[in-house]
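This report describes selected features of one protein chain. It takes up strands, salt bridges and internal space in turn.

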Amino acid sequence: MSEPKPPTPTPGDNYKGWLFKWTNYIKGYQRRWFVLSNGLLSYYRSQAEMGHTCRGTINLATANIAVEDSCNFVISNGGAQTYHLKANSEIERQRWITALELAKAKAVHMQAESDDSGDECPAVPPTSGQGGGCRNSEVQSTLRTLNSKVEDLTTCNDLIVKHGSALQRSLTELEAVRVGGDMGEKIRQVTERATLFRITSNAMINACRDFLSLAQSHSKRWQKALQVERDQRIRLEETLEQLAKQHNHLERAFRGATVLPSSFSNSTLGNKGGAGKGDASDEDDDNEFFDAMEDPAEFITVPADPKYHRRSGSNVSGLSSETGMDDQSVNFDEQSLASNPESPQPLELEPVRQRRTRIPDKPNYYLNLWSIMKNCIGKELSKIPMPVNFNEPLSMLQRLSEDLEYFELLDKAAKCQSSLEQMCYVAAFTVSSYSTTVHRTGKPFNPLLGETFELDRLKECGYRSLCEQVSHHPPAAAHHAFSEKGWSLRQEITLASKFRGKYLSIMPLGSIQCLFEKSNNHYSWKKVTTTIHNIIVGKLWIDQSGEIDVVNHKTGDRCHLKFTPYSYFSRDVPRKVTGVVTDKEGKAHYVLSGTWDEKMEFSRVMQSSKGENGTEGKQRTVYQTLKAKEIWTKNPLPEGAENMYYFSSLALTLNEHEEGVAPTDSRRRPDQRLMEDGRWDEANAEKQRLEEKQRITRREREREAVKVASSPEEAVTEDSINDSPLKMETATEANEVSEETSYGPSPPPYTSIHQDNHQALWFEKLDDPVSGETLHVYKGGYWEAKDQAEWDLCPDIF
């Protein structure tokens, strides 16, 4: 039952309401009734306990109040008591912060007046929270002096008005009197009144001088004090902002694992649960946990028994029989996979050329997105023409090649002897491919049919990569990469996307396959859904959500990865990813956790058991794990990345001029090059020219396909039909309204009347006997053609 929202706090008011209080890592946040009164913050398990049982009280006069994020804040009195609290919303948190700050200020003021009563003011300026009574007395004394001077000025003003009026009357009477005996008397009166007016005016002048001198002297002091207060406030705001960022970063790093990170020992757990964030009274209570509005975790991890950490070679056999693990899995201890002798670090190769580290800054061109998108809600995005203003100067083929930024993970995986260990590296590689998307809100250029992109890093990194746009409707790109370290990667991706007004969903279709020569292990997986929020109003931000199953088709090993969607009510760290590596029997061996934009960690599972039922009656698995180790960390962005489309160091080099590439390479695409150079108007015009050229080429292919598939008589009839404006233009233009989409093309709900006879130049479509999928596989010839500089087979697409 929802409680009424408490009113906005005012000075002197009591304040009370429900808050979530952190107790320990087992129970998490517990709902408690908090009461703020007379500078004391007390809490109870329920409102009924207010009359008899108080669970804890903290004095705000000596407490520090810090805001962690939108809903969380911390109250601490120097270490003895620390309350980590969470409100239901940001508004509710702000109400509590306001009430606490007012109560603290009042408590500090009352304590300062009590401590300083009867004492003299200190010689040095008092610090914040001390000497408040003396400072107040000094201000009151100055104000009394100024008030007395103002009263003197008022009195002088009244006298000047009185004597000035009398002098004026005397002068008037003097003009009216005749020359005679009364003349001398009148002159004497005027002289007396003039003398009184002069005396009063002098007094007024002196009083004004005194007041001005006093006001100026105190004004300088007050202006200086005001400037000091302003500087302190600015420094305080900057400090609070830095602390907020540090708290957010530390919280994300700390809570980036599962519910209970296995890197914490039992002693640490006890300390954190006791004097850290909770207290004994909460820990001894019965569980009264209120679940957050989020999907429950499928499993939790707890530290393994210390005997697993201290085992030696003499007790390996006993451990194996006790835990039920096979010999292969027992051979791995708590050390990192990266430091395992069977998976050494890759050799450092000296680069053969200096790659560029900057591109021209992104121009600040304004364009109203709503004017373009308001009529497109619910439509297929392949029917929406988009200017380059929403693009980034890279093609989709180059974005696919960015998946290889963390190729070292596959190099390490190729050296692994254990398939389960290798699975951890492959799973980390799948997550790492999303790290470059966190700030990349610009859409890549849709490749033209037949467009290619090569990424030759053989001498620098030991691998080569080739992409080709193999289909137009639906748009599909094929990718192949191979390494001298003994692995190859291939994928064929088609993007389906829908615009729903507030957000844009991009669903990658197709699979990715990774093969290792030494072990013949064959892995495959699919990508998750990408969502771009605040398309119309607000700042664009990207989220990844869904589940990935990485399957080893040879051994049956599997890694189930879950990308948790962002939720405002979630207590989890944003962009969280969790996963479990299991063998073909379903037994868990490793647990992975982290975020897709920062890092991933893994921990070895020693035992597993079924835990308590979570929400909706689902039973969660409890894994006893060894200490978590880092397996992947995101590379920092280059300096000034915010002005360069948030490109990574690899992305900055993808569109760099390179000699010897194919005529169809994305580096040679003119509209993309113009956009990178900041000439967006010319880029838009060039983009329209390329799209129209592709439409004409497609019509020609369709006519050729009809002639080949039909008899001569039928071909003549068919050509006459196709040449008619109604038939030909409707069929082709319906499919070719635009070659560009908002953030990726969608397959149309129909097929063209004429089947496209386009054949990929460097890839061929095959059925994979291992995974059972049909995809385009590299058939060879590209790198040989590059060595001989023979590009006669390449079409003229630019």
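## Hairpins, a sheet, salt bridges and a cavity

Strand E26 (residues 763-767) pairs with E27 in the antiparallel sense, and the pairing runs over five bridges. The model is a predicted one. One bridge joins Asp 767 to its partner Thr 774 in E27. The two strands E26 and E27 form a hairpin, with six residues between them. In the turn of this hairpin, Gly 772 has a positive phi of about 75 degrees. Strand E27 (residues 774-778) is mostly covered, since four of its five residues are buried.

A second hairpin is built from E21 and E22, with five residues between the strands. Its turn contains Gly 586, which has a positive phi of about 90 degrees. Strand E21 (residues 576-582) and E22 pair in the antiparallel sense over seven bridges. Among the paired residues are Val 580 and its bridge partner in E22, Val 591. Strand E22 (residues 588-595) is mostly covered, with eight of its eight residues buried.

### The open sheet

Seven strands make up an open sheet, in the order E4-E3-E2-E1-E7-E6-E5, with antiparallel pairing. Which strands stand at the edges? They are strand E4 (56-59) and strand E5 (64-67); each has a single partner strand, so one side of each is left without a neighbour in the sheet. From one strand to the next, the twist averages 35 degrees. At the E4 edge, strand E3 (residues 40-44) pairs with E4 in the antiparallel sense over four bridges. Ser 42 has Thr 57 as its bridge partner in E4.

### Salt bridges

How many salt bridges does a search of the whole structure find? The search finds 32 salt bridges. Three of the pairs are set out below.

| Pair | Closest N to O distance |
|---|---|
| Arg 358 and Asp 361 | 2.8 Å |
| Arg 669 and Glu 451 | 3.2 Å |
| Lys 786 and Glu 454 | 2.5 Å |

Arg 358 and Asp 361 meet through their side chains. Arg 358 has a relative accessibility of 42%, so it counts as partly exposed. Asp 361 is partly exposed, and its relative accessible area is 42%.

Arg 669 forms its salt bridge with Glu 451. Arg 669 lies in the loop between helix H13 (649-654) and helix H14 (670-676), while Glu 451 lies in the loop between E10 and strand E11 (452-457), so the pair ties together parts that are 218 residues apart in sequence. Are these two residues buried or exposed? Arg 669 is buried, and Glu 451 is buried too.

Lys 786 has its salt bridge with Glu 454. This pair links distant parts of the chain, as Lys 786 is in helix H18 (residues 782-788) and Glu 454 is in strand E11, 332 residues apart. Why does Lys 786 count as buried? Its relative accessible area is 17%, and buried means under 20%. Glu 454 is buried as well, with a relative accessible area of 0%.

Salt bridges can also join into a network, and one such network links Arg 355, Arg 457, Glu 460, Glu 658, Asp 665 and Arg 667.

### A buried cysteine

Cys 416 lies in the loop between helix H11 (408-414) and helix H12 (419-432). Its relative accessible area is 7%, so Cys 416 is buried. Cys 416 and Ser 519 are 103 residues apart in sequence, while in space their C-alpha atoms are 9.0 Å apart.

### The largest cavity

The structure holds five cavities of 30 Å³ or more. The largest cavity contains about 500 Å³ of space. Its lining is made of 32 residues, and those nearest its centre are Met 396, Arg 399, Leu 495, Ile 506 and Thr 530.

Which elements each supply at least two residues of this lining? One is a helix, H10 (396-401). The strands are E10 (443-445), E13 (475-483), E14 (487-499), E15 (503-509), E18 (529-533) and E19 (541-552). By residue type, the lining of the largest cavity divides into 17 nonpolar, nine polar and six charged residues.

Technical notes. Residues numbered from 1 in each chain as written. Predicted model: local features only at pLDDT ≥ 70, side-chain atom pairs only at ≥ 80, totals over all residues. Heavy atoms only, no water. 1 Å grid on protein atoms, 1.4 Å probe; cavity = no way out; pocket = protein on both sides within 12 Å on 5 of 7 lines; lining within 4 Å. Points joined across faces, edges and corners; volume = space filled by probe spheres on them. Nonpolar A, V, L, I, M, F, W, Y, C, P; charged D, E, K, R; others polar. Buried < 20%, exposed > 50% of the residue type's maximum accessible area, 1.4 Å probe, protein only. Pairing = 2+ DSSP bridges. Axes fitted to C-alpha atoms, helices over the stretch in contact; angles between N-to-C directions. Salt bridge = Lys/Arg side-chain N within 4 Å of Asp/Glu carboxyl O.
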